[in-house]
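Colleague: Before I use a model such as this one, I would like to learn how to read its features one at a time. Could you take me through them, giving the general idea before the particular case?

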Amino acid sequence: MIDIDDELARALARIPVGDHAPVEHLRGRARRLHTRRRLAAAGAIAAVTAAAAAVVVPSSVRDGAEPPVTDRPPAEEPAPGVPDVVLDLGTLGRGPEPAVPWYEPAGTLHFGTEQAPHVIESDYPALRRVDGGFVVWDELSVDQAERSLVFVPGNGGYTEEIAGGPISLPVVSPDGIRVAWAVSNGDVDTGTSTSTSTLIVADATTGEVQEELPGVPGSSTKPMGFLDDDTILVEAGANTVSGLHTWELGGGLTPYRDETGVAAVSPAGDLLALTGDAGGGIDVVDVASDATLWTLRDGYPLAFSPDGRYLAVGTEPVRNWVTPEDLATARPGDVIARDEHEVTVTQDMLDTAARYPDGWERIEHLVILDARTGAELLRVEGELPELTAVWESGTSVVFDAYQDSAEAALVRCTVGAGCELATDPAALDDDPDTYDVPYLLGS
Amino acid sequence: MDEDFTDWYVALRPRVLRAVTIAVGDRDLAEEATAEAFARALARWPAAAALDSPVAWLLKVAVNEARTRWRRARLERRHLQRLAGEPQRHAPAAEPRDDALWTAVAALPERSRQVVAMRYVLDLTEPEIASTLGVTRGTVASTLSRARRQLAAALTHEETK
């Protein structure tokens with residue numbers, strides 16, 4: 001009789017892996033870690049000064065005193081700004097539970113004070129608020145054919161599967177009643193000239209299909225947002241067809257703009273953040289006038305606020321490719337270049353690196369900008385490894401924050417009113433190298 | 001000290017790399033993540049040698065490293081302009097072996113792949129896996145049961161070819 005466990009163990013042992021790598025190639029990596037720890041000790045005094053001042057700095061709207069990000073020179077990566085708030089989970093006050101859906105990987109979905117048992121398989125689910133609850137997009141495996149979209153009622157009722165298979169991330173109509181996605185009819189990873197997608201609009205709670213557009217070129221063509229209740233912005237990222245199109249429900253696709261990607265769509269569909277302009281920045285576009293309002297040159301848009309007044313942006317104060325050796329002798333004004341990257345050293349960058357010598361690659365800034373001008377209103381610094389920001393009101397944004405890779409919490413920051421905890425901090429693994437993710441806001 | 005680490009590395013790397021490869025489903029990513037895990041062990045040597053279960057620790061560090069790289073890639077894709085073409089996914093590119101078993105392994109959910117790697121490559125017990133992943137023993141058992149069914153079907157398929 002065959003023992004399936006033994007058989008599996010033997011079979012898995014036959015899966016080929018890489019050749020033996022000599023131990024010498026580890027020494028450079030280990031030296032880098034040692035260097036960071038030495039710098040951590042050396043930078044402790046500066047860090048204490050900065051942190052003591054920063055954690056209690058009240059956030060305030062700057063009345064446009066800070067030059068817009070767009071005014072910075074485009075030829076080089078711009079300098080990071082000085083944060084208004086440096087997060088310290090130990091000193092933040094506790095606010096109410098998030099008014100946006102979030103997930104506790106032990107298997108619980110939270111929505112305000114409501115909880116629903118639900119298991120999400122992926123590290124990168126999408127949780128979208130819809131009328132009456134929220135929809136959850138999950139990757140059940142790395143096989144793109146195994147994705148699912150379910151409706152979870154906010155009142156704790158039965159979960160309803162809306163769709164499954166090779167489906168794209170969902171987008172929700174402004175009224176929260178409908179949800180749209182694409183079904184890939186080809187291989188997303190390779191794509192072929194004959195690959196197509198089917199665009200679908202369905203009831204967000206039942207999955208009943210209301211509109212369908214089959215045979216759209218490109219296996220990864222997908223809806224990126226509703227421009228209004230009856231018009232959807234579609235990104236065609238295929239080799240055979242690219243650019244942005246609009247889909248007026250009941251009709252076909254209409255070419256819209258040549259940009260190749262959509263970074264964010266405001267909930268009302270009146271503002272877009274588009275990638276692919278000639279200068280490499282991200283254009284913020286007013287849909288009604290078709291005018292580019294300003295161009296973001298530092299960071300990546302995360303989400304527009306519900307009324308489109310603000311844009312949350314994530315950015316790295318010290319680029320993650322910069323090494324301790326790069327900064328060991330660097331002075332403000334020096335240029336660090338590697339491969340296709342280039343950055344001009346600033347004092348802010350050196351100060352940030354000194355505050356986090358043991359892992360500045362984990363440090364991000366969450367920046368709130370005026371969506372129509374690009375003027376900076378709030379800059380928050382912290383360990384934001386997930387860097388997912390979800391607006392819960394017209395002025396408040398919720399995001400994941402870590403502390404010394406030892407604990408994590410969801411944090412709420414409000415324009416003009418500072419930051420607070422939206423959940424209690426949860427302890428991560430004792431070992432900073434093996435942390436887990438206790439909270440997920442989804443993408 | 002260096003000799004001790006070298007011996008430790010040579011002894012553990014093949015098994016850890018195989019486990020990481022199965023856990024992350026991508027050979028190139030697994031090699032990078034495994035190297036980072038061993039570098040972190042070297043940076044804290046000799047304390048790393050005293051870990052209760054060094055292979056489980058190395059696997060977890062490597063999986064976290066892989067996740068960080070996926071996350072970075074995802075953020076960078078948002079940041080960088082997208083070229084006209086099919087967008088990349090964080091899903092595995094290089095596969096160790098294009099056979100039914102590997103396909104079945106790669107198709108497992110991430111958590112299942114980690115459990116399979118720990119059970120069948122690292123030879124950890126269910127309680128040890130539960131402790132490492134921070135889940136209940138029941139979750140490990142049910143995850144293993146599902147994964148076992150899927151992989152056994154792939155094995156049967158291979159044998160009948």
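Modeller: Let us begin with a term that we shall need at once: contact means heavy atoms within 4.5 Å. Please keep in mind throughout that this is a predicted model.

Colleague: With that term in hand, which residues is S396(A) in contact with, leaving aside its neighbours within four places in sequence?

Modeller: With those neighbours set aside, S396(A) is in contact with V390(A), W391(A), R412(A), C413(A) and T414(A). S396(A) itself belongs to strand β28 of chain A, which covers residues 396-403, and with a relative accessible area of 8% it is buried. For a distance along the chain set against a distance in space, take S396(A) and A417(A), which are 21 residues apart in sequence and have their C-alpha atoms 9.1 Å apart.

Colleague: One of those contacts, R412(A), carries a charge, so how should I read its partners, and which side chain meets that of R412(A) in a salt bridge of 2.2 Å?

Modeller: The general idea is that side chains of opposite charge can pair when their charged atoms come close. Here the side chain of E392(A) forms a salt bridge with that of R412(A), at 2.2 Å from N to O. Because R412(A) lies in strand β29 (residues 407-414) and E392(A) in the loop between β27 (389-391) and β28 of chain A, the pair ties together parts that are 20 residues apart in sequence. Both R412(A) and E392(A) are buried.

R412(A) also meets E420(A) in a salt bridge, here at 2.9 Å from N to O. The relative accessibility of R412(A) is 4%, which counts as buried, while E420(A), at 25%, counts as partly exposed.

Colleague: How many salt bridges does the structure hold over all chains?

Modeller: There are 13 over all chains. Among the linked residues are R94(A), E97(A) and D424(A), which form a network of salt bridges. In chain B, the side chains of D123(B) and R119(B) meet at 3.5 Å, N to O; D123(B) is exposed, with a relative accessible area of 57%, and R119(B) is partly exposed at 24%.

Colleague: What of charges on the surface, and which residues gather in a patch of negative charge there?

Modeller: The reasoning behind a patch needs a cut-off, since its members must have over 30% relative accessible area and no salt bridge. The patch here consists of D131(A), D175(A), D228(A), D229(A) and E248(A). D175(A) sits in the loop between β9 (171-172) and β10 (178-184) of chain A, and its relative accessibility of 37% makes it partly exposed.

Colleague: Turning to the backbone, how do I read the sign of phi, and which phi does D290(A) have?

Modeller: Most residues other than glycine have a negative phi. D290(A), although not a glycine, has a positive phi of about 60 degrees; its place is in the loop between β19 (282-286) and β20 (291-296) of chain A, where, at 40% relative accessibility, it counts as partly exposed. D123(B) likewise has a positive phi, of about 65 degrees, without being a glycine, and it is found in the loop between α5 (110-121) and α6 (126-133) of chain B.

Colleague: How should I read burial along a helix, and how many of the 8 residues of helix α4 of chain B are buried?

Modeller: In an α-helix there are 3.6 residues a turn, so residues three or four places apart point the same way. In helix α4 (residues 100-107) of chain B, 6 of the 8 residues are buried, so the helix is largely enclosed by the rest of the structure. The buried residues of α4(B) are A100(B), L101(B), W102(B), A104(B), V105(B) and A106(B).

Colleague: Finally, what do the overall figures for each chain say about secondary structure, burial and contacts?

Modeller: Chain A has 5 helices and 31 strands, and of its 443 residues 57% count as buried. Among contacts in chain A with a separation of 6 or more, 46% join residues 24 or more positions apart. Chain A exposes about 17,500 Å², of which carbon and sulfur atoms supply 52%.

Chain B has 7 helices and 0 strands, and 55% of its 161 residues count as buried. In chain B, residues 24 or more positions apart account for 70% of the contacts with a separation of 6 or more. The exposed area of chain B is about 6,700 Å², with 50% supplied by carbon and sulfur atoms.

Methods
Residues numbered from 1 in each chain as written. Chains lettered and ligands numbered in written order. Predicted model: local features only at pLDDT ≥ 70, side-chain atom pairs only at ≥ 80, totals over all residues. Heavy atoms only, no water. Patch = residues over 30% accessible without salt bridge, like charges linked within 9 Å, V, L, I, M, F, W, Y side chains within 5 Å. Areas by Shrake-Rupley, 256 points an atom, 1.4 Å probe, with all protein chains shown as cover. Salt bridge = Lys/Arg side-chain N within 4 Å of Asp/Glu carboxyl O. Lys, Arg positive; Asp, Glu negative; His and termini not counted. Charge placed at Lys NZ, Arg CZ, Asp CG, Glu CD. Helix = DSSP H or I, 4+ residues; strand = E, 2+ residues; numbered from the N terminus. Buried < 20%, exposed > 50% of the residue type's maximum accessible area, 1.4 Å probe, protein only.
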